[in-house]
There are 2 protein chains.
Amino acid sequence: MEKYVIDKLIDKIKEMNNPTVMGLDPRYEMLPESVKGKYEISLEGASKAILEYNKALIDCTFDIIPAIKPQLAFYEMFGIAGMKAFKETCEYAHKKGMFVIADAKRGDIGSTAKGYSNAYLGQTPLEQEKITAFDNIDFLTVNPYLGVDSIKPFVEDCTKYEKGIFILVKTSNPSSGELQDLKLENGETVYEHIAELVEEWGKGLIGKYGYSSVAAVVGATYPEQLKEIRKKAPHTFFLIPGFGAQGGKAEDIALGFDKNRIGGIVNASRSLMCAYQSEKWKDKYSDKEYAKATRAEALLMKEELNKAIN
Amino acid sequence: MEKYVIDKLIDKIKEMNNPTVMGLDPRYEMLPESVKGKYEISLEGASKAILEYNKALIDCTFDIIPAIKPQLAFYEMFGIAGMKAFKETCEYAHKKGMFVIADAKRGDIGSTAKGYSNAYLGQTPLEQEKITAFDNIDFLTVNPYLGVDSIKPFVEDCTKYEKGIFILVKTSNPSSGELQDLKLENGETVYEHIAELVEEWGKGLIGKYGYSSVAAVVGATYPEQLKEIRKKAPHTFFLIPGFGAQGGKAEDIALGFDKNRIGGIVNASRSLMCAYQSEKWKDKYSDKEYAKATRAEALLMKEELNKAIN
């Protein structure tokens, strides 16, 4: 039995020969009429439609994709009903054997960070009992702006509950450099400095592949930085967003991997979720066959990544 | 009718002569037996107890304190039931005329930030309709690590829906300096740089008092920096955490205010919520009189702040 969730995730990636995570960022407007039409136009109805859609995408990919990454914002925007759909999506994916990366980007002062960690990785203490608020989550994304106080409670729960975190280092968005690329007086950039801190914070949780359960988010849209951070943070596993719709290419992503062809998991959200709407697949699959289009796109992405990662 | 929520908040602070916001960070273990004992030990039971406690604290302070600041982590850790308690707390405080600052510290790439903004400030589009997910929120706290892309959707909703945001600049926790105090090659610190960006981002939403609805979080525990940022960001209103339990003093806080005695709102969570347990009040008020202890502490805090702010 593996002790570190990162080992289990890498085992699964190797077994499936696919370093992909499917981002589940459901937008109501992208759902096909065949799904939306069944439910009323309300937060509850939309959340039900989203859950149905997510489940169908999980059903058609769980044997070829190792993990999902639901983005909390897209559930919170449907209120309480949306949070329920998030919880049930995690549960469903977990039952199907997929790893769940909750993309919440939480970050707060120590005692509050502990609250978030209780919510998503650990447990909530109630008198003599401990209860899990949102279960079936393996990894959580975390924001480092508040420093180590805000990271420590998560790391403690990673140890205690065999969980993992991905700390934002270099994000995939156009303005990520506005803060992350600032040059420090010692010549380093902010993101380099954070990458070093992540290596440091994760050193107690390094598994058999040499990677820690305390991992990092590094965007595919900045290949130079990806390469540089791979060198600087050899024990840091990467969650790599920005592939597909955001412009990241397979050959860029390959720079985040090591000589053993491991080191990261690549997220695609829109290109997988909305495959049925794309030029590539819309003539081949009808709206009702959206899940088949997603599976076809997933197989293509797997092939592309494997060709690039050497 | 005021156009900017920041003007309305300042009006209320002036009317009550009290720049206090009550942080509602409920910890189950701090609730008195008289409240906890009524409900079963479960996420649902705990959430009901928390809601009852919050309502009692609102009832005993709404005529003297202008705003509440529920911290999302402490609701998320009770799962779906906790999120309901959060939503109902916001609704109850709003009905009583209090401003609501949702302390969520969200931050993500543009399209995702829009999702968070829909959730807490704006509305969620569903076909021809737009529905509010979490209503009755006036301000949201936001994390700047991803740069302007992650801020813009919130600023747009601030304009459209007369809402406000508080962007993390210098936080109150011990390790805040780990990233925020890093010296840049131009001699500035990261937090100074972010303070300048906040001034810039907020320049379209400056109201009659000279302050913008795009505001900042600056901790009471770093008085030197508070003073410096007040000078550097003259149009930026401050949410000042760290008073009381975290060690911030009234005379430190005064450094965040301008010559007209405005410029910030001071948060106290534990010292107000748990007043009934403190050395100061526990002999005077029984556990059942926890709301009276909170009111007494609130009046003392108001007096202390007013004495210090000149």
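1. Long-range contacts dominate in chain A of this predicted model: residues 24 or more positions apart make up 71% of its contacts with a separation of 6 or more. Contact here is a C-beta matter, with two residues counted if their C-beta atoms, placed from the backbone, lie within 7 Å. A word on reading the model: local features need pLDDT of at least 70 and side-chain atom pairs count only at pLDDT 80 or more, while totals for chains, interfaces and linings use all residues. Residues are numbered from 1 along each chain as its sequence is written, and chains are lettered from A and ligands numbered from 1 in the order in which they are written.

2. What about overall shape? The C-alpha trace of chain A spans about 55 × 55 × 40 Å along its principal axes. Its radius of gyration is 19 Å, which agrees with the value near 19 Å for a compact globule of 310 residues (taken over C-alpha atoms; the rule is 2.2 Å times the number of residues to the power 0.38). Of those 310 residues, 59% count as buried, meaning 20 or more other C-beta atoms within 10 Å of a residue's own; 12 or fewer is exposed, and in between is partly exposed, with C-beta atoms placed from the backbone.

3. Chain A has 13 helices and 10 strands. These are DSSP runs numbered from the N terminus: helices are H or I with at least four residues, strands E with at least two.

4. Have a look at strand E10 (residues 264-268) of chain A: 5 of its 5 residues are buried, so the strand is largely enclosed by the rest of the structure. Gly264(A), Val266(A) and Ala268(A) lie on one side, Ile265(A) and Asn267(A) on the other, and both faces are covered. That fits the general pattern: in a regular strand the side chains alternate between the two faces of the sheet.

5. Which strands pair with E10(A)? Strand E1 (residues 20-24) of chain A does so in the parallel sense over 3 bridges, with Val21(A) opposite Asn267(A). Strand E9 (residues 236-240) of chain A is also parallel to E10(A), over 3 bridges, and there Leu239(A) is the bridge partner of Ile265(A). Pairing requires that DSSP finds at least two bridges between the strands.

6. Over in chain B, 8 strands close into a barrel with parallel pairing, in the order E1-E2-E3-E6-E7-E8-E9-E10. The twist averages 30 degrees from one strand to the next. Helix H7 (residues 152-161) of chain B packs on the sheet, touching E6, E7 and E8, and its direction makes about 145 degrees with that of E7(B). For such angles, axes are lines fitted to C-alpha atoms, for helices over the stretch in contact, and values run from 0 to 180 degrees between N-to-C directions.

7. Now the interface: 59 residues of chain A are in contact with 59 residues of chain B. Among the elements of chain A supplying at least two residues each are helix H3 (43-59), helix H5 (79-95) and helix H9 (190-201).

8. How do the copies relate? A turn of 180 degrees and a shift of 0.0 Å along the axis lay chain A on chain B with an RMSD of 0.0 Å (least squares on C-alpha atoms of residues with pLDDT of at least 70 in both). That is the relation of a two-fold axis.
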